[in-house]
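Thanks, everyone. I will go through one chain today, beginning with a pair of aromatic rings and then moving out to the fold.

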Amino acid sequence: MRSAVSYIRVSKPKQGRSGLGLEAQQSAIRSFCGQHGYSIEAEYREVETGKGADALERRPELAAAMKHARKIGRGGKSGAAPIVIAKLDRLSRDVHFISGLMVQRIPFIVTELGPDVDPFMLHIHAAVAEKERERIAQRTREALAAAKARGQVLGNSSIGQARKAEADLNAEHFRSIIEPLRDLPAKRISVILNGRGVTTPKGGKWQATQVIRLLSRLHFSDENRLSSDRPA
């Protein structure tokens with residue numbers, strides 16, 4: 001089996017204390033490595049933000065993971081063993097930060113993208129995700145500005161509408177994942193998502209109620225699909 005290093009990150013101290021998000025990432029990485037012939041030589045866990053130009057300096061566990069990957073990968077094609085992460089945003093949400101990591105010539109494997117995604121494609125995925133976040137933020141600002149221009153007082157109602165629009169856009173990120181599962185009961189879908197290491201937008205584990213809300217936002221309104229009472 002090929003050696004690899006596991007890297008897990010959550011961005012909020014509360015998630016780190018509770019294990020929320022950590023266990024799902026760990027499960028996804030272990031499952032992936034088992035399927036693709038990788039042996040996890042070391043696991044590095046970090047509770048830190050991914051924001052800022054000096055993000056790597058604030059992430060000593062990532063730096064340690066990279067050092068370990070170089071050590072156990074000496075003599076290999078790239079000179080370093082791969083670092084396996086569950087989702088690209090667990091590495092960073094910033095395309096420039098990811099570009100900087102690629103210069104280090106350490107292979108990063110993202111389980112949700114598969115084993116054959118090269119550094120160029122990682123850049124593409126990161127750029128698309130970053131652009132989508134910018135679009136969501138821009139649309140929220142435009143919605144609030146339009147409401148203000150109409151003379152609408154920007155109280156809880158207006159802010160709530162803007163947040164709903166943002167939540168609807170965020171839901172679209174899960175459409176391709178949910179589409180094949182939409183005929184299953186919500187409880188079963190939550191079990192599958194958690195088993196695959198797919199986390200909620202906030203990095204947590206899925207519950208049936210969250211799945212129901214997601215299906216509703218995606219306009220999957222079939223009564224059978226939205227039932228959380230059926231056995232999984």
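Start at Trp-206, which is buried, because its relative accessible area is 4% and the cut-off for buried is under 20%. A word on the source before going on: this is a predicted model.

What does the ring of Trp-206 pair with? Its partner is Phe-174: the ring centres are 5.3 Å apart and the planes are at 85°, so this pair is edge-to-face. Phe-174 is buried as well, with a relative accessible area of 8%. The pair links distant parts of the chain, the two residues being 32 positions apart. Phe-174 sits in the loop between helix 7 (156-171) and helix 8 (175-178). Trp-206 sits in the loop between helix 9 (186-196) and helix 10 (208-217).

How many aromatic pairs does the structure hold? There are two. The other one is Phe-32 with Tyr-38, and here the planes are at 15° with the centres 6.4 Å apart, so the pair is stacked. Both Phe-32 and Tyr-38 are buried. Tyr-38 has a further neighbour in Arg-2, whose charged end sits over the tyrosine ring at 4.2 Å from the ring centre.

Now the fold. The chain has 232 residues, and 39% of them count as buried. It contains ten helices and four strands, and along the sequence these follow the pattern β-α-α-β-α-β-α-α-β-α-α-α-α-α. Taking the contacts with a separation of 6 or more, 64% are between residues 24 or more positions apart.

How are the four strands ordered in the sheet? The order is 2-1-3-4, in an open sheet with parallel pairing. Strand 2 (38-47) and strand 4 (108-110) are the edges, each pairing on one side only. From one strand to the next, the twist averages 30°. As a reminder, strands of a sheet pair through backbone hydrogen bonds, either parallel or antiparallel.

At the strand 4 edge, strand 3 (residues 83-85) runs parallel to strand 4 and is joined to it by three bridges. Within that pairing, Ile-85 stands opposite Val-110 of strand 4.

Which helix lies across the strands of this sheet? Helix 3 (residues 60-72) does, lying across strand 1 (2-10), strand 2, strand 3 and strand 4. Its direction is at about 160° to that of strand 2.

Next, a charged residue inside the sheet. Arg-9 lies in strand 1. Is Arg-9 buried or exposed? It is buried, because its relative accessible area is 1%, against a cut-off of under 20%. The Arg-9 side chain reaches the backbone oxygen of Asp-89 at a distance of 2.8 Å.

How far is Arg-9 from Glu-48 in space? The C-alpha atoms are 7.1 Å apart, although the two residues are separated by 39 positions in sequence. Glu-48 belongs to the loop between strand 2 and helix 3. Unlike a buried residue, Glu-48 is partly exposed, because its relative accessible area is 23%. From Glu-48 to Glu-61 is 13 residues in sequence and 9.6 Å in space, again C-alpha to C-alpha.

To recap: one aromatic pair is edge-to-face, Phe-174 with Trp-206, and one is stacked, Phe-32 with Tyr-38. The sheet is open, with four strands in parallel pairing, and helix 3 lies across them. Arg-9, in strand 1, is buried. I will take questions now.

Key: Residues numbered from 1 in each chain as written. Predicted model: local features only at pLDDT ≥ 70, side-chain atom pairs only at ≥ 80, totals over all residues. Heavy atoms only, no water. Pairing = 2+ DSSP bridges. Axes fitted to C-alpha atoms, helices over the stretch in contact; angles between N-to-C directions. Contact = heavy atoms within 4.5 Å. Buried < 20%, exposed > 50% of the residue type's maximum accessible area, 1.4 Å probe, protein only. Polar contact = N/O pair within 3.5 Å; in protein donor to acceptor, adjacent residues only side chain to side chain. Phe/Tyr/Trp six-rings, centres within 6.5 Å; stacked < 30°, edge-to-face > 60°. Lys NZ or Arg CZ within 6 Å of the ring centre and 35° of its normal.
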